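Reader: I am new to this structure and would like to learn how to read it. Could you walk me through it step by step?

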Amino acid sequence: MEKYDIYDINRIKTGRVNVRGSGIKLKEGEYRMVVHLCIINSKGEMLIQQRQADKAGWPNLWDVSVGGCSIAGENSRDAVTRELSEELGLKFDFENVRPKFTINFERGFDDWYVINMDVDLVNLKLQEEEVQDARFASREEIYRLIDESQFIHYHKSVIDMCFDMVGLEYGAFNSNDGKKI
């Protein structure tokens with residue numbers, strides 16, 4: 001039984017939790033936290049994973065490197081660290097890393113992390129219950145998979161943000177022109 005914290009619109013924990021998969025819907029003004037991680041290698045390719053055939057949501061579809069719901073007591077960094085370890089068997093120190101961006105959805109906050117990491121696919125330990133395969137893909141390959149309904153149907157602009165923000169400082173514009181703001 002996996003529990004997650006319930007937040008208010010200001011992203012403050014309410015002190016209440018919900019049980020994942022319980023069928024109990026969040027009420028108006030209640031939100032949950034989700035995290036995603038995009039790992040981009042030195043060739044400019046994203047590590048993508050294919051979801052298991054028996055997953056309740058988006059079975060057999062390709063997805064970004066890591067994604068999942070935080071569990072009760074976790075902050076965003078804790079959640080992305082746990083999900084990376086669980087789904088791919090990888091470790092990364094997120095202690096001083098903030099999400100590159102957050103997308104608000106109807107019932108939650110979705111923190112997106114983007115990191116540079118060269119990963120040897122043979123060293124991955126795929127979580128059998130969730131992940132059936134993993135590989136690297138270019139931006140164009142991910143677009144094609146989206147167009148062919150083989151990838152979770154993210155807006156292509158979200159995929160662009162992940163690729164475009166690799167190695168950049170935080171913010172909505174590129175400040176790598178040498179000028180600090």
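Author: Gladly! Let us begin with one term: a residue counts as buried when its relative accessible area is under 20%. Keep in mind as well that this is a predicted model.

Reader: Thanks. How many of the residues of β3 are buried?

Author: Eight of the nine residues of β3 are buried, so this strand is largely enclosed by the rest of the structure.

Reader: Which way do β3 and β8 run, parallel or antiparallel?

Author: For a pair of strands, look at the direction and at the bridges that join them. β3 and β8 run parallel, and nine bridges join them. As an example, V34 stands opposite D110 in β8.

Reader: And β3 and β6, parallel or antiparallel?

Author: Here the strands run antiparallel, with four bridges joining β3 to β6. In this pair, L37 stands opposite V66 in β6.

Reader: What pairs with β7?

Author: β7 pairs with β8 in the antiparallel sense, over five bridges. The two strands form a hairpin, with two residues between them. One of the positions to look at is I103, whose bridge partner in β8 is D110. You have met D110 already, opposite V34.

Reader: Let us go back to V66. Is V66 buried or exposed?

Author: Its relative accessible area is 0%, so V66 is buried. V66 lies in strand β6. To see its surroundings, set aside the neighbours within four places in sequence: V66 is then in contact with V35, H36, L37, Q49, E83, L84, E87 and L88. You can also compare sequence with space: V66 and L47 are 19 residues apart in sequence, and their C-alpha atoms are 8.9 Å apart.

Reader: Now the nonpolar cores. How many residues does the largest nonpolar core have?

Author: A core is read as a group of buried nonpolar residues whose side chains are joined by contacts. The largest one here has 23 residues. Those with the most contacts inside this core are M46, I48, V64, W112, I142, F151 and I159. Two or more residues come from each of β3 (32-40), β4 (46-51), β8 (108-116), α2 (139-147) and α3 (156-164). A second, separate core has 19 residues, including L84, Y113, M117 and L124.

Reader: What is I48 in contact with?

Author: Without its neighbours within four places in sequence, I48 is in contact with W62, D63, V64, S65, D133, A134, R135, A137, I142, L145 and F151. Among these, V64, I142 and F151 also belong to the list of core residues with the most contacts.

Reader: What about loops? Where is N41 found?

Author: N41 is found in the loop between β3 and β4. With a relative accessible area of 7%, N41 is buried because that value is under 20%. Not counting residues up to four places away in sequence, N41 touches M117, D118 and F136.

Reader: Which backbone angle should I look at in N60?

Author: Look at phi. In N60 phi is positive, about 65°, although N60 is not a glycine. N60 has its place in the loop between β4 and β5 (62-63), and at 37% relative accessibility it counts as partly exposed. S149 also has a positive phi, near 55°, and is a residue other than glycine. You will find S149 in the loop between α2 and α3, where it is partly exposed, with a relative accessible area of 44%.

Reader: What volume does the largest pocket have?

Author: The volume is about 1,100 Å³. For a pocket, read the lining next: 40 residues line this one, and the closest to its centre are R20, R32, V34, W58 and F105. The lining divides into 14 nonpolar, eleven polar and 15 charged residues.

Reader: Which elements supply at least two residues of that lining?

Author: They are β2 (13-19), β3, β6 (66-69), α1 (76-88), β7 (101-105) and β8. The largest share, four residues, comes from α1.

Reader: One last stop: where does V166 lie?

Author: V166 lies in the segment after α3. Leaving aside neighbours within four places in sequence, V166 is in contact with I40, V114 and N116. From V166 to S22 there are 144 residues in sequence and 37 Å in space, C-alpha to C-alpha.

Technical notes:
Residues numbered from 1 in each chain as written. Predicted model: local features only at pLDDT ≥ 70, side-chain atom pairs only at ≥ 80, totals over all residues. Heavy atoms only, no water. Core = buried A, V, L, I, M, F, W, Y, C linked by side-chain atoms within 4.5 Å. Buried < 20%, exposed > 50% of the residue type's maximum accessible area, 1.4 Å probe, protein only. Contact = heavy atoms within 4.5 Å. 1 Å grid on protein atoms, 1.4 Å probe; cavity = no way out; pocket = protein on both sides within 12 Å on 5 of 7 lines; lining within 4 Å. Points joined across faces, edges and corners; volume = space filled by probe spheres on them. Nonpolar A, V, L, I, M, F, W, Y, C, P; charged D, E, K, R; others polar. Pairing = 2+ DSSP bridges.
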